[in-house]
Amino acid sequence: MTRLVVVFAMLLLGSTGCGESSAPAQPGVLTVGVREPASLLPADLRDQAGRMLVGALWTPLVDYDAATGRITPRAAASVSSADQMTWEITLRPDGRFHDGTPVTAKSYVDTWHTVADERWAGAGALTEVLRPVAVTAPDDHTVRIVLDRPFGQVPAVLASPALLPLPASVLATRDWAGFAANPIGNGPFRMAESWRPGSGGRLVRVAEAAGKAREIQFRVGASATQYDQVKSGKLDLASEVPGERHDAMHHDFADRHAMWPLPEVSYLAFPVSDKRFEDAAVRYAFAMAVDREAMAADPLAHQVDPARAILPPGVAPGERSGPCRPCVHDQAAAKSLLGQVSFAGPVALYFDAGQEQWGRALADQIGTGLAVEVTAKQRGDETTQPGDGPFLVTRSLNTSSPHELLAALAKAAGYADDGFAQLLAAADSVGASADSGQLYRLAENQLLRDLPAAPLWSGHGHAVWASRVREVTAMPLNGIDLASISV
């Protein structure tokens with residue numbers, strides 16, 4: 001009898017080790033798998049993990065939906081302008097940082113000056129998109145912005161993580177590394193401990209929210225391992241899905257996975273100084289020789305969506321139903337177009353650091369499709385454009401405003417056209433609405449017609465989660481909304 005009890009006890013112990021989890025899930029505690037974030041400074045974000053964490057630690061002035069133009073006030077009570085040049089932001093009076101100090105208008109003014117001075121990755125939201133000539137704080141709850149031209153996209157820019165406020169303590173010490181390890185925000189969660197590189201960290205909710213996660217534990221690791229841990233019940237949510245798990249995701253997590261557009265987009269730009277590319281037929285031929293679906297599957301491992309327009313889904317305003325002929329792979333038409341003009345190879349296709357794997361595959365694909373010798377070469381200086389061949393342009397966006405990408409793409413390609421400039425200015429001068437969406441469409445259509453750069457693809461994010469997790473949503477700029485998750 002004693003032997004039977006021992007055997008039964010051993011079976012029970014064995015079953016706990018082989019079940020859904022090696023440790024019981026804690027009520028209200030969400031475990032999340034992430035890659036190591038490059039930074040937790042709001043204005044220096046460069047990856048999905050950083051954007052997601054900062055989205056939990058801070059509350060933006062507004063939320064902005066690019067597809068509808070809808071603005072939802074958050075830390076701001078209102079955003080207004082009579083002429084689209086002078087804007088006033090009225091702050092909610094109860095805003096506080098996690099260190100207990102108030103969030104005031106001066107917090108924003110001082111932070112924005114610092115962001116511009118430090119030239120962090122997100123500084124372009126201020127210096128290239130917003131372009132203020134003055135930012136002041138008439139009182140504790142009012143931020144006044146004076147711009148250099150009428151610009152109705154200000155609310156869209158105010159949603160950018162680059163414009164989140166920093167507390168006076170770090171603005172005084174300028175200890176950016178120390179702050180990034182233990183950031184102090186004004187959002188729904190605060191850091192419970194310093195971030196541990198290679199390991200992770202822990203966030204706790206500032207104010208109780210019924211049914212929502214009260215604590216989030218982050219675990220740094222490989223995305224394939226984290227996917228398998230969610231599947232086995234050892235992790236609640238994996239914030240990335242690697243290419244080798246992409247197909248399995250749809251049946252492993254049939255109703256427990258999400259995909260959303262990322263603010264990352266790539267183009268094939270054509271050199272204005274290379275006479276061989278003066279004819280639009282040549283540019284269209286190169287664009288239509290690209291099999292975007294094949295590239296998305298391999299070598300880009302299902303992490304991108306083939307382009308359907310100049311503007312990617314994360315920043316495209318309004319309905320997107322118009323055709324994009326140069327986005328369509330048509331090898332026969334591409335060869336026919338090239339055969340209508342006098343074109344001679346060989347051609348160099350330039351890529352930057354980080355683009356080598358798919359840049360070489362793209363060069364091979366275009367060369368084969370057009371029967372032209374195309375050789376991939378690494379560009380020595382990313383700030384200069386080559387003069388003897390097309391080059392790849394990949395951009396991470398700081399805002400959801402169409403202005404940012406349209407202006408940046410024209411600049412990167414060296415495209416200077418008075419008609420395009422006028423269309424862009426007209427769209428900029430209208431408030432964020434359906435009307436501005438239609439005007440931006442006109443500017444986008446001109447870029448598509450002249451094709452100084454051919455759209456290739458835009459990034460998308462993936463997540464999978466356990467059955468105990470509910471209400472998982474994601475936004476292009478911030479990624480997964482951790483504050484909305486029920487567990």
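This passage describes selected strands, helices, cores and loops of one predicted model.

Strand β1 covers residues 29–34. The strand is mostly covered, with six of its six residues buried. In a regular strand, side chains alternate between the two faces of the sheet. Accordingly, two sets of residues can be named in β1. Val-29, Thr-31 and Gly-33 point one way. Leu-30, Val-32 and Val-34 point the other way. Both sets are buried.

β1 has two partners among the strands described here. Strand β10, residues 215–220, pairs with β1 in the parallel sense over six bridges. Here Gly-33 stands opposite Arg-219. Strand β11, residues 237–238, also runs parallel to β1 and is joined to β1 by two bridges. In this pairing Gly-33 stands opposite Ala-238.

Gly-33, Arg-219 and Ala-238 also appear among the contacts of Gln-226. Gln-226 lies in helix α8, residues 223–232. Its relative accessibility is 4%, so Gln-226 counts as buried, the cut-off being under 20%. Beyond its neighbours up to four places away in sequence, Gln-226 touches Gly-33, Val-34, Arg-219, Val-220, Gly-221, Leu-235 and Ala-238. One polar contact involves the Gln-226 side chain. A polar atom of that side chain lies 3.0 Å from the backbone oxygen of Arg-219.

The largest nonpolar core holds 140 residues. Within this core, Trp-112 and Phe-286 touch the most other members. The contacts of Trp-112 include residues distant in sequence by over four places. They are Leu-61, Ile-89, Leu-126, Val-135, Val-143, Ile-145, Leu-158 and Leu-163. Another core, of nine residues, lies apart from the largest one. Its members include Tyr-227, Leu-235, Ala-238 and Phe-253. Two of these, Leu-235 and Ala-238, are also touched by Gln-226.

A further set of strands is built around β12, residues 257–269. Strand β17, residues 453–465, runs antiparallel to β12. Ten bridges join the two strands. In this pairing Met-259 stands opposite His-462 of β17. Strand β16, residues 391–396, is also antiparallel to β12. Six bridges join β16 to β12. Here Ser-266 stands opposite Thr-394 of β16.

Helix α13 runs from residue 356 to residue 370. At 1.5 Å a residue, its 15 residues should span 21 Å. The C-alpha atoms at its ends are 21 Å apart, so the span agrees with the expected value. The buried residues of α13 include Trp-358, Leu-362, Ile-366 and Leu-370. Gly-359, Ala-363, Gln-365, Gly-367 and Gly-369 are buried as well. Ala-371 follows the helix and has a positive phi, near 55 degrees.

Helix α15, residues 418–428, has buried residues on one side. These are Phe-420, Leu-424, Ala-427 and Asp-428. Viewed down the helix axis, they fall within an arc of 100 degrees, so they line one face of α15. Asp-418 and Gln-422 are exposed on the other side. The N-terminal end of α15 is capped by Asp-417. A side-chain oxygen of Asp-417 lies 2.9 Å from the backbone nitrogen of Gly-419.

Several loops carry backbone features of their own. Two contain a proline that follows a cis peptide bond. A cis bond joins Asp-298 and Pro-299, with omega about 25 degrees. Pro-299 is found in the loop between α11 and β13. The bond from Gly-345 to Pro-346 is also cis, with omega near 0 degrees. Pro-346 belongs to the loop between α12 and β14.

Positive phi values occur at two further loop residues, neither of them glycine. Phi of Gln-84 is near 70 degrees. Gln-84 sits in the loop between β4 and β5. Phi of Glu-471 is near 60 degrees. Glu-471 lies in the loop between β17 and β18. Its relative accessibility is 48%, so Glu-471 counts as partly exposed.

Terms used. Residues are numbered from 1 along each chain as its sequence is written. This is a predicted model: local features need pLDDT of at least 70, side-chain atom pairs count only at pLDDT 80 or more; totals for chains, interfaces and linings use all residues. Side-chain values use heavy atoms; hydrogens and water are left out. Buried means under 20% relative accessible area, exposed over 50%, partly exposed in between (1.4 Å probe, protein chains only). Helices (H or I, at least four residues) and strands (E, at least two) are DSSP runs, numbered from the N terminus. The arc is that of the directions from the helix axis to the C-beta atoms. A polar contact is a pair of N or O atoms within 3.5 Å; within protein, one must be able to donate a hydrogen and the other to accept it, and residues adjacent in sequence count only if both atoms are side-chain atoms. Two strands pair if DSSP finds at least two bridges between them. The expected span of a helix is 1.5 Å times one less than its number of residues. Contact means heavy atoms within 4.5 Å. A nonpolar core is a set of buried Ala, Val, Leu, Ile, Met, Phe, Trp, Tyr and Cys residues joined through side-chain atoms within 4.5 Å.
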